[in-house]
Amino acid sequence: VQLQAFGGGLVQAGGSLRLSCASSGSIRSINVMGWYRQAPGKQRELVATITVGGVTNYASFVKGRFTISRDNAKNTVNLQMNSLKADDTAVYYCHADYGADDFWGQGTLVTVSS
């Protein structure tokens with residue numbers, strides 16, 4: 001499966017962006033889909049995940065600001081990011097976990113200016 005993430009860009013602090021990740025195949029069988037991010041000089045970290053049943057999990061630093069959702073009919077997973085901070089600047093990656101295998105998207109850059 002191929003994952004293509006898009007929707008990144010430059011936004012001022014306090015603003016919003018919506019990231020989307022499109023899968024080349026059906027996501028109905030993907031156990032967990034998620035978004036991760038990697039800031040310059042830092043390790044990749046989990047942002048949010050959503051299970052096939054719709055159960056969500058968020059990193060503490062985005063709770064209340066970001067919302068993850070998945071559309072099984074459109075084979076997409078989205079990340080609505082509100083109240084963005086300069087610390088949210090990073091490359092955001094989409095991830096699909098089948099359990100026995102997993103795939104990464106190419107990443108989309110989010111830059112938040114303070």
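1. Two strands pair if DSSP finds at least two bridges between them, and strands here are DSSP runs (E, at least two residues) numbered from the N terminus. On that basis, β9 and β10 form a hairpin with four residues between them, and G99 in the turn has a positive phi of about 100°. The two strands of this hairpin run antiparallel and are joined by three bridges, with β10 covering residues 102-104; within the pairing, H95 stands opposite W104 in β10.

2. A word on the basis of these remarks: this is a predicted model, in which local features need pLDDT of at least 70 and side-chain atom pairs count only at pLDDT 80 or more, whereas totals for chains, interfaces and linings use all residues. Residues are numbered from 1 along each chain as its sequence is written, and side-chain values use heavy atoms, with hydrogens and water left out.

3. Strand β9 has further partners. Seven bridges join β4 to β9 in an antiparallel arrangement, and in this pairing the bridge partner of M33 is A96 in β9. Three bridges join β9 to β11, also antiparallel, with Y92 standing opposite T108 in β11. Strand β9 is mostly covered, since six of its eight residues are buried, where buried means under 20% relative accessible area, exposed means over 50%, and partly exposed lies in between (1.4 Å probe, protein chains only).

4. The largest nonpolar core has 29 residues, and those with the most contacts inside it are M33, W35, L79, M81 and Y92. Such a core is a set of buried Ala, Val, Leu, Ile, Met, Phe, Trp, Tyr and Cys residues joined through side-chain atoms within 4.5 Å. Several strands each supply at least two residues of this core, among them β4 (32-38), β8 (76-81) and β9 (90-97), and the largest share, four residues, comes from β9. If contact is taken as heavy atoms within 4.5 Å, M81 touches G15, S16, L17, L19, R65, F66, Y92 and V110, not counting residues up to four places away in sequence.

5. Two buried charged-type side chains deserve inspection together: R37 and D88. R37 lies in strand β4 and counts as buried at 6% relative accessibility, while D88 is placed in the loop between β8 and β9 and is buried with a relative accessible area of 1%. A polar contact of 2.9 Å joins the side chains of R37 and D88, and another of 3.0 Å joins those of R37 and Y92; a polar contact is a pair of N or O atoms within 3.5 Å, and within protein one must be able to donate a hydrogen and the other to accept it, with residues adjacent in sequence counting only if both atoms are side-chain atoms. Beyond four places in sequence, D88 also touches R65, F66, S83, V110 and V112.

6. An open sheet of four strands has the order β1-β3-β8-β7 with antiparallel pairing; its edge strands are β1 and β7, each of which pairs on one side only. Four bridges join β1 to β3, and the bridge partner of L3 is S23 in β3.

7. Two backbone positions may be checked by eye. N75, in the loop between β7 and β8, has a positive phi of about 60° although it is not a glycine, and counts as buried at 19% relative accessibility. S83, in the loop between β8 and β9, has a positive phi of about 50° and is likewise not a glycine; at 40% relative accessibility, S83 counts as partly exposed.
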